[in-house]
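Subject: Structure for your review

Dear colleague,

Please find the structure below, together with its sequence. A summary of the findings follows.

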Amino acid sequence: MAPPSWRQRHHTLLQALLSRGPLAEPDFRALFTAVSDRDPATHQQLFNDTLLKINKDLAYLQFELRACINQYDGMVYYGVVNNIADEESKLGTKYSVPQIAFYKGLLEAIVQEAGNDGSITSIDALNVRLDNQVAVLDGSQDSQSRLPSSIKNFSMSQKEKTLDELIRDRWLSYTATGKIGLGTRSFLDLRSWFRGNDIPSCVVCNEACIKASSCPNEGCDVRIHEYCLKKKFSQRKASRACPSCGTGWPCQDGEGEADEVNEPGEEDLASPANHPSRKKRSRVKAELVEENDIAGPSTEVPRTRRTLRSAKAEAVEADQEASSTAASQPGRGSKRRKK
């Protein structure tokens, strides 16, 4: 049997993305390896050329195989997106008009969240109004009465059901704090919407800042993604200051001086093999685990515990004897003085 052609392999990649949805970068690269028998880590040029060829074929249909970063976890995802938003493309969605209006309201509430956290609570999500998302042809005072009944009668239970569907379909997501944020598909599909609606962009990667850190200087509007901050300030000699106003940028949660001390230099980054001490620690740890597995349950642990207990008991007895001796010495001294 003849091996599959590259066009067939391209079709397999696209079919997997369309059926599974956006894939994290490790999963997508593993899929590429399974389809092409080539590891992207060692065949990066082939990987890039394959994506270019796929996008060249998809351009005729106004589709694109795109990569994005999930701003909540910093991971790269790959997915297929529609590059044109017209009335015909809207026919392909499974969501109803009020559900789409509800999603638009959630989207605006998330991107306009004042804390730069890029998320809202479930209560705030359910309280989003739909009537603001429906275009009314004129501005007359009775425009509310002419809203579609599906919009006016969209109940709280319907909102809860739609919210669950949007999270399941990865248009929305639960953040690490349990709030509602944008999902991977939103980051993939809404890149042009972010730019068209003047969403502030990161000064490092130029992508929209949904979850980001702001400059400590209130008069400066610079915003940077947390993963871009780590990249920008990762070098030892890098000045930890705002690139616009020069204000010192505070450390983020999880960052510390220990991270800066252990930051690898350029030579270490250039060659992953230059970590003998790390490898040695890993080897020693593996040998210890292997020895413990071979030996099985050891009887030394109880003996060690008994030794510790006896040593502790001896220390207590010694303290008690010292205390009693110290207490008896003044009495003998006073007797001698009386004599």
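Which residues does Leu172 touch, not counting residues up to four places away in sequence? In this predicted model, Leu172 touches Tyr103, Leu106, Ile110, Leu163, Leu166, Ile167 and Leu182. Ile180, Gly181 and Gly183 are also in contact with Leu172.

Leu172 also has a place in the largest nonpolar core, which comprises 34 residues. Together with Leu106, Leu163, Leu182, Phe194 and Ile210, Leu172 is among the residues with the most contacts inside that core. Two or more residues come from each of β3 (76–82), α5 (97–111), α6 (122–126), α8 (156–168), β6 (180–182) and α9 (184–189). Of these, α5 gives the most, with seven residues. Both domain 1 (6–83) and domain 2 (89–136 + 149–196) supply at least three residues to this core. Another core, of 15 residues, lies apart from it; Leu14, Phe47, Leu65 and Tyr78 are among its members.

The second topic is a helix pair. The axes of α1 (residues 6–20) and α3 (residues 44–58) come within 11 Å and cross at roughly 80°. Because angles of 65 to 115 degrees count as roughly perpendicular, α1 is roughly perpendicular to α3. On the α1 side, the contact involves Trp6, Arg7, His10, Leu13 and Leu14; these meet Leu46, Thr50, Lys53, Ile54, Asp57 and Leu58 in α3. By character, the residues of this contact are six nonpolar, two polar and three charged. Leu14 thus appears both in the contact with α3 and in the core of 15 residues.

Yours sincerely

Terms used
Residues are numbered from 1 along each chain as its sequence is written. This is a predicted model: local features need pLDDT of at least 70, side-chain atom pairs count only at pLDDT 80 or more; totals for chains, interfaces and linings use all residues. Side-chain values use heavy atoms; hydrogens and water are left out. Axes are lines fitted to C-alpha atoms, for helices over the stretch in contact, and angles run from 0 to 180 degrees between N-to-C directions. Helices (H or I, at least four residues) and strands (E, at least two) are DSSP runs, numbered from the N terminus. Angles under 35 degrees count as roughly parallel, over 145 as roughly antiparallel, 65 to 115 as roughly perpendicular and the rest as oblique. Contact means heavy atoms within 4.5 Å. Ala, Val, Leu, Ile, Met, Phe, Trp, Tyr, Cys and Pro count as nonpolar, Asp, Glu, Lys and Arg as charged, and the others, Gly among them, as polar. A nonpolar core is a set of buried Ala, Val, Leu, Ile, Met, Phe, Trp, Tyr and Cys residues joined through side-chain atoms within 4.5 Å. Buried means under 20% relative accessible area, exposed over 50%, partly exposed in between (1.4 Å probe, protein chains only). Domain bounds come from an automatic or database domain assignment.
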